[in-house]
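Good morning, and thank you for the time. I should like to present one structure, beginning with its overall dimensions and ending with a single residue.

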Amino acid sequence: MQVLVTGSSGLVGSEAVEFFDSLGADTVGVDNNMRADFFGPKGDTSANRDRLLSVCRHFSHIDLDIRDRAEVDKLFAGNAFDIVIHTAAQPSHDLAARRPFDDFDVNAGGTLNLLEACRRHASEAVFIFVSTNKVYGDRPNTIKLKELETRWEYDDPAYAGGISEDFPVDQSLHSLFGASKLAADVMTQEYGRYFGLKTGIFRGGCLTGPNHAGVELHGFLNYLVHVALQEGPYTIYGYKGKQVRDQIHSHDVIRAFWAFAQNPKPGEVYNLGGGKTNAASLLECLEIIETRTGKRPQLTYSEQNRIGDHICYYSDLAKLKRDFPDWDLEYDLDRIIDEIIQHVSAT
Ligand SMILES: NC(=O)c1ccc[n+]([C@@H]2O[C@H](COP(=O)([O-])OP(=O)(O)OC[C@H]3O[C@@H](n4cnc5c(N)ncnc54)[C@H](O)[C@@H]3O)[C@@H](O)[C@H]2O)c1
């Protein structure tokens, strides 16, 4: 089995590399460390690349930019990929506004380059695209909410299980990032429906784990633990710190991709986050970290929320569990946070 992982030095990509390497698959990683260009030295993922090269036995790395259409085509022509896990991206909605061309060229253009090369040279391969809950724009903020002591919660029985895949994707505020990811999301669906490629689209909630090069603009939980342990400054943007995210460990993300790869459903879309059980507000995450470490950041509160930020979002995992009944979360929130704390303390 030969597997291509784009964004292989990032959080999700590196988890995919380790997973497929452990299965004995010939695993090719593509990453040009553009995260360092996006976020500066703290976003540098080269240490993660080097770690993979030292611990993985069947892994090779290629420093390739997915915007380079000719090189992407050459890569597919020279290999026989069975599975493509496409995670390379400009991942921040705030940054997209500052670098609109880079955002769209990487997220939408890069995805199209990969899809078309896959169609030409590896039409039997399973192609997995990591999309985002930002494709729903800020429309989840129109759901009736109730304010609890430490979090916002849906106050509409229709959303008791979270947001499902048929939630509307247009006519709301997305940020340029949400728009470029939605373009790629729909394009990947189309390569499944129109061309019959075995594409799967997974709309991520908060994907997390110790191997994230967490920065203020991306990698919320990882960054929060880093700052808390240093008792450094942290700004809460709006919603009283009660905004809710669903956290899923990258290991559980890859297990879902593997379930799909073994039983692909062309063009299908899945919401993939920690769901209701792993949903927590920022204040609640701070509390968990403090209970475990005795530390918390120096907090500043800004009334102004981030543009388009969700007040409460958690994924309805019912469709995923229905289609892949053997898949379920292995990591609950406490275990995720413990692992990140351990990792940060050891580095
Ligand atoms: N982390 C989250 O909370 C989250 C949530 C929803 C969706 N997602 C999506 O999941 C995917 C993976 O996210 P992540 O958290 O692992 O991000 P990440 O930034 O940790 O990893 C992405 C990797 O892609 C590489 N990359 C960027 N541009 C590239 C290019 N032009 N060519 C080659 N490599 C390039 C970066 O250097 C980085 O190592 C992304 O598509 C992201 O939009 C992430």
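The protein exposes about 14,200 Å², of which carbon and sulfur atoms supply 49%; accessible areas come from the Shrake-Rupley method with a 1.4 Å probe, and for residues only the protein chains shown count as cover. Please note that this is a predicted model, in which local features need pLDDT of at least 70 and side-chain atom pairs count only at pLDDT 80 or more, while totals for chains, interfaces and linings use all residues. Residues are numbered from 1 along each chain as its sequence is written, and side-chain values use heavy atoms, with hydrogens and water left out.

Let me turn to the overall form. The C-alpha atoms fill a box of roughly 55 × 45 × 40 Å along the principal axes. For 347 residues, a compact globule would have a radius of gyration near 20 Å, and the 19 Å of this protein agrees with that; the radius is taken over C-alpha atoms, and the globule rule is 2.2 Å times the number of residues to the power 0.38. Buried residues make up 57% of the 347, where buried means under 20% relative accessible area, exposed means over 50%, and partly exposed lies in between.

The protein has twelve helices and 14 strands, which are DSSP runs numbered from the N terminus, with at least four residues for a helix (H or I) and at least two for a strand (E). How are the strands of the open sheet ordered? Its seven strands run E3-E2-E1-E4-E5-E8-E12, with parallel pairing; two strands pair if DSSP finds at least two bridges between them. Strands E3 (59-62) and E12 (268-272) stand at the edges with a single partner strand each, so one side of each has no neighbour in the sheet. At the E12 edge, E8 (residues 198-204) pairs with E12 in the parallel sense over five bridges, and Ile 201 stands opposite Val 269 in E12.

Finally, I come to Ala 89. This residue lies in the loop between strand E4 (83-86) and helix H5 (93-98). Is Ala 89 buried or exposed? Ala 89 is partly exposed, because its relative accessible area is 24%. Leaving aside neighbours within four places in sequence, Ala 89 is in contact (heavy atoms within 4.5 Å) with Phe 38, Val 106, Asn 107 and Lys 181. Tyr 136, by comparison, is 47 residues from Ala 89 in sequence and 18 Å away in space, C-alpha to C-alpha.

Technical notes: Buried means under 20% relative accessible area, exposed over 50%, partly exposed in between (1.4 Å probe, protein chains only).
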